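Colleague: Please take a close look at a single part of this model and tell me how the side chains there are packed. After that, carry on to the rest of the interior.

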Amino acid sequence: MSTTLFHGGTVWRGHAQPTGHALLVRDGRIVALDDEALRLADAAEHSDGAGAATAAASGTADAAASGTADAATSVERIDLESGFLMPAFGDGHAHPLFGGLEAEGPDVRACATVEEIVAEVRRFAEEHPEREWIQGASYDGSLAEGGLFDARWLDEAVADRPVVLRAWDYHTVWCNTRALELAGIDAETPDPVLGEITRRADGSPLGTLREWGAVELVTDIMPPRPAEERLRALERAADYYLARGVTWVQDAWVEPGDLDTYLLAAEADRLRLRTNLALYADPRRFAEQLPDFVESRRRVQEAGSPLLTANTVKFFADGVVENETGALLEPYCSALHKHGMSVWGAEALAEAVCAVDAAGFQVHVHAIGDAAVRQARRAIEHVVAVNGPRDRRPVIAHAQLVDEADLDRFASLGVIPNMQPLWAQLDALMQVLTVPRLGQERADRQYPMRTIEQSGARLAFGSDWPVSSGDPRDGIAVAVSRRTVDGEPAGGWTPHEILPVGVALDAYSASVAHQAFADSADAAWGRIEPGAAADLVHLAADPRDLDPSRIPDLPVRATWLAGSPRYRGAPSLAVS
């Protein structure tokens, strides 16, 4: 048995809860708080055999603290050094396998120009002559006008082998000419269902492919990643998250091969992070998918890992604004794609969501544009009408643009808006690709986090990593300021949507746990109260006392999962 006492700092239980000063953990579960925690720790260390036997016989809390009727219990005492202990963060929408795999290819994420990307691809290809395909992610789509990247630019780096790079949004890929040739994409190739082949003036493919239908023309002929490479990616992702105080992640896009990777990791005891899998629903083959979803859930349950579940199904209602596939009620300013792309259509989405809900899955819908949010909302209304009431906690992810008529429907339907706070800033991507497509009036209605939260909805946060940083501190800093890293604009962009720090901390912890159904007696985490699992993060200072610009650099001292230390940071330094 193990007993740990946290003391000497602030114990933060949540925005609406009183703060404390001490916490006692026994065998991965929280036992007591504040003075009671200190008293039980002292009793455990100093009780003799007779005292422990009496406590055990009486069935008091002291028995839980003493742990044995034969000897005193050793208590590990962790001095918080005036720091801040809170429930560990969760990431309610991310792609950890994608994130971990980025390190297996050229480091294009760090590149600030097209020329740098080409040079990095050349370097990687020269260092890896054994690679038949050069795969990488994720480049900045704003580095070329309109997000349009030419295959001939990559040909300068590698012409004899196929090169495929994913954009930061993971809805777009950039290929060299050899990759296009192998995929059979030429001037005569029609745009596939749910995809676009961008073209030059003469009709030949440019090299940029948008959305699944087009992207899969290439990815379907690529060789699968080796199993060991994928397992390393999961471990790399876990290390990334634990170092940032995150102990649970919603993998929001899982296909059959990904499921196999997770099950291999579970079998080999190589999972280090709580993960729920959202199985990807494809409108082109949904009829045969649903039985497979049920079987996938059964396989995960049979694996018996306490860190792995597969309780969710993921739908895409639309694409993204930056490539004009996000579905809008009113047309794009450029009118290039008019209203964007509806992946399912309203009726098909409603029926598929209903079928998945009837099978007992949680629904998780990607909806960027206001038309997509409305489709998702109406689909959930259809589910309630057909399948009846239950605790289903459906998720609408992103909700970048929400029509005023839909804002209060999150709360009334029990829908969890899982939003990405880091995106709510006027950075280069927003100004180069997003605002010109939406126009200023619509652009200023993006990410209505405070409005939705104040309507009574349970606002939860996610990062969409590796689309953007998976560090909750980065997202929280923007949520509570609506400013860029350069502090612009001074008062915050759309300042009426700025969140209080405590609300933002809850959105990245307790509310994600609510999304994860992590509030049953045997699976509780995401809160600090007796009986809950001790998933905790120790920050060097109270983020409520810091200017938002300081929050991204606030050190994570340690992360615990069920009371077990999974990350320990650098020695303590003063933070003011």
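Modeller: Helix 16 (440–443) is what the buried residues of helix 15 pack against. This is a predicted model, and every value below is computed from it. Helix 15 covers residues 428–438, and its buried residues are M430, L433, T434, V435, R437 and L438. An arginine, R437, is therefore among the residues that count as buried here, with under 20% relative accessible area. Just after helix 15 comes G439, which has a positive phi of about 85 degrees.

From this part we can move to the interior as a whole. The largest nonpolar core contains 117 residues. Within this core, F315, F410 and F461 have the most contacts. Helix 9 (residues 227–242) gives the core its largest share, eight residues. Another core, of 19 residues, lies apart from the largest one; I117, F124, F149 and V163 are among its members.

Aromatic rings come next. There are 25 aromatic pairs in the structure. One of them joins F89 and Y508: the ring centres are 6.2 Å apart and the planes stand at 70 degrees, which is over 60, so the pair counts as edge-to-face. F89 belongs to strand 6 (residues 89–94), while Y508 sits in the loop between helix 19 (501–507) and helix 20 (510–515). The two residues are 419 residues apart, so this pair links distant parts of the chain. F89 and Y508 are both buried.

Some rings form a group rather than a single pair. F98, Y170, W212, W253, Y280 and F316 are linked into a cluster by ring pairs. One member of the cluster, F98, also has an arginine over its face: R166 is 5.6 Å from the ring centre. A second arginine placed over a ring is R297, whose charged end sits 3.9 Å from the centre of the ring of F361.

The cysteines remain. A disulfide is a covalent bond between the sulfur atoms of two cysteines. Searching the whole structure gives zero disulfides. C175, for example, is in none, and the nearest cysteine sulfur, that of C111, is 17 Å away. The cut-off for a disulfide is 2.5 Å, so the sulfur atoms of C175 and C111 do not form one. C175 has a relative accessible area of 0%, so this cysteine is buried. C354 has 7% relative accessibility, and because that is under 20%, C354 counts as buried too.

How values were computed: Residues numbered from 1 in each chain as written. Predicted model: local features only at pLDDT ≥ 70, side-chain atom pairs only at ≥ 80, totals over all residues. Heavy atoms only, no water. Core = buried A, V, L, I, M, F, W, Y, C linked by side-chain atoms within 4.5 Å. Buried < 20%, exposed > 50% of the residue type's maximum accessible area, 1.4 Å probe, protein only. Helix = DSSP H or I, 4+ residues; strand = E, 2+ residues; numbered from the N terminus. Phe/Tyr/Trp six-rings, centres within 6.5 Å; stacked < 30°, edge-to-face > 60°. Lys NZ or Arg CZ within 6 Å of the ring centre and 35° of its normal. Contact = heavy atoms within 4.5 Å.
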